[in-house]
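Here is a short report on one protein model. It takes the sheets in turn, then a ring pair, then a pocket.

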Amino acid sequence: MRYKTVVTGVFHSRPNRFIALVDVGGREEVCHVKNTGRCRELLLPGAQVVLSVSDNPARKTKYDLVAVWKEGTGLVNMDSQAPNAAAAELLPRLFPGAVIRAEQRCGLSRFDFSLETEQGVGYLEVKGCTLEREGHAYFPDAPTERGVKHLRELTELRRQGRCAAVLFLVQMKGVHAFSPNDGTDPAFGAALREARGAGVEILCYDCLVTPESMIADQPVPVEL
């Protein structure tokens, strides 16, 4: 997953979850934040950030804030669209021979990917993870009713005998384990454990992150 053009800047503030004020070459710019999570441990005043430059002249904002340097961790991608793009590159490696399709419906539900093999059609959801504490990754960084709904849908599919999986992509390097963030969203943690108990496959990979790209890299142990 690559960005066409990027520049760097200095984060000033986040007036709301959709926009940030960033110093770019000595000029304050209003930038779209491509992550509606809290990201409080990432977007600190004075943090060095990466902005993707839009080539759409009709847009209100020229820049998208897509990554930030976090002290002690390094570069963290925080673009909520990047995990699906990186997953599309990773899944053929994880499921060789499968026919992989994005944004597929099953009944009343829509899943990020379907995986068709000789055993049938399974479904997979992707979650991007940006929260890290002392080398341990956590998801989510804010309560997510949508995330709980996805897990329950995957659990029901598995109980029906269908293949189901959830893939967490940690949008950085340097983590040694992944867990649900029970302190912030206990319902998500409970749903994830229920999903595992029903046989939903839980996968987690870290990512190689540069200002211009994010590539899914190595598996990360999941601790529930």
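In what order do the strands of the three-stranded open sheet lie? The order is β10-β11-β13, and the pairing is mixed. The model behind this is a predicted one.

**The three-stranded sheet**

β10 (131-133) and β13 (177-180) are the edge strands, each pairing on one side only. Neighbouring strands here are turned by 30° against each other on average, direction ignored. β10 and β11 (residues 136-139) run antiparallel and are joined by three bridges. Within that pairing, L131 stands opposite Y138 in β11. A helix covers part of this sheet: α3 (residues 186-198) packs on it and touches β11 and β13. The direction of α3 makes about 110° with that of β13.

**The six-stranded sheet**

Another open sheet has six strands, in the order β7-β8-β9-β12-β14-β15. Its pairing is mixed. β7 (99-106) and β15 (213-219) stand at the edges with a single partner strand each, so one side of each is left without a neighbour in the sheet. From one strand to the next, the twist averages 35°.

Inside this sheet, β9 and β12 run parallel, joined by seven bridges. K127 stands opposite F168 in β12. Helix α1 lies across β7, β8, β9, β12, β14 (201-210) and β15. Its run makes an angle of about 45° to β15.

**Pairings side by side**

β4 has two antiparallel pairings to add. Strand β1 (residues 6-16) pairs with β4 (residues 48-53) over five bridges, and V6 stands opposite S52. β4 also pairs with β5 (residues 63-70), again over five bridges. There V49 stands opposite V68.

| Strands | Sense | Bridges |
|---|---|---|
| β10 and β11 | antiparallel | three |
| β9 and β12 | parallel | seven |
| β1 and β4 | antiparallel | five |
| β4 and β5 | antiparallel | five |

One general point helps when reading such pairings. In a regular strand, side chains alternate between the two faces of the sheet.

**An aromatic link**

How many aromatic pairs does a search of the whole structure find? It finds five. One of them is F168 with F188: the ring centres are 6.3 Å apart and the planes stand at 80°, so the pair is edge-to-face. The cut-off for that class is over 60 degrees. F168 belongs to β12 (residues 164-170) and F188 to helix α3, so the pair ties together parts that are 20 residues apart in sequence. F168 thus appears twice in this account: it is also the residue opposite K127. Helix α3, which carries F188, is the helix that packs on the three-stranded sheet.

**The largest pocket**

The largest pocket has a volume of about 780 Å³. Its lining comprises 31 residues. Which of them lie nearest the centre? They are T36, S80, F139, T144 and R146.

Several elements share the lining. α1 (82-94), β8 (109-117), β9 (120-129), β11 and α2 (145-159) each supply at least two residues. The largest share comes from β9, with five residues. β9 is also the strand that runs parallel to β12, while β11 is part of the three-stranded sheet. By class, the lining has nine nonpolar, twelve polar and ten charged residues.

Conventions:
Residues are numbered from 1 along each chain as its sequence is written. This is a predicted model: local features need pLDDT of at least 70, side-chain atom pairs count only at pLDDT 80 or more; totals for chains, interfaces and linings use all residues. Side-chain values use heavy atoms; hydrogens and water are left out. Two strands pair if DSSP finds at least two bridges between them. Helices (H or I, at least four residues) and strands (E, at least two) are DSSP runs, numbered from the N terminus. Axes are lines fitted to C-alpha atoms, for helices over the stretch in contact, and angles run from 0 to 180 degrees between N-to-C directions. Contact means heavy atoms within 4.5 Å. On a 1 Å grid over the protein atoms alone, a cavity is a set of points where a 1.4 Å probe fits but cannot get out, and a pocket is an open set with protein on both sides within 12 Å along at least five of seven lines; lining residues have an atom within 4 Å of a point. Grid points are joined across faces, edges and corners, and a volume is the space filled by probe spheres set on the points. Ala, Val, Leu, Ile, Met, Phe, Trp, Tyr, Cys and Pro count as nonpolar, Asp, Glu, Lys and Arg as charged, and the others, Gly among them, as polar. Rings of Phe, Tyr and Trp (its six-membered ring) pair if their centres lie within 6.5 Å; planes under 30 degrees apart count as stacked, over 60 as edge-to-face and the rest as tilted.
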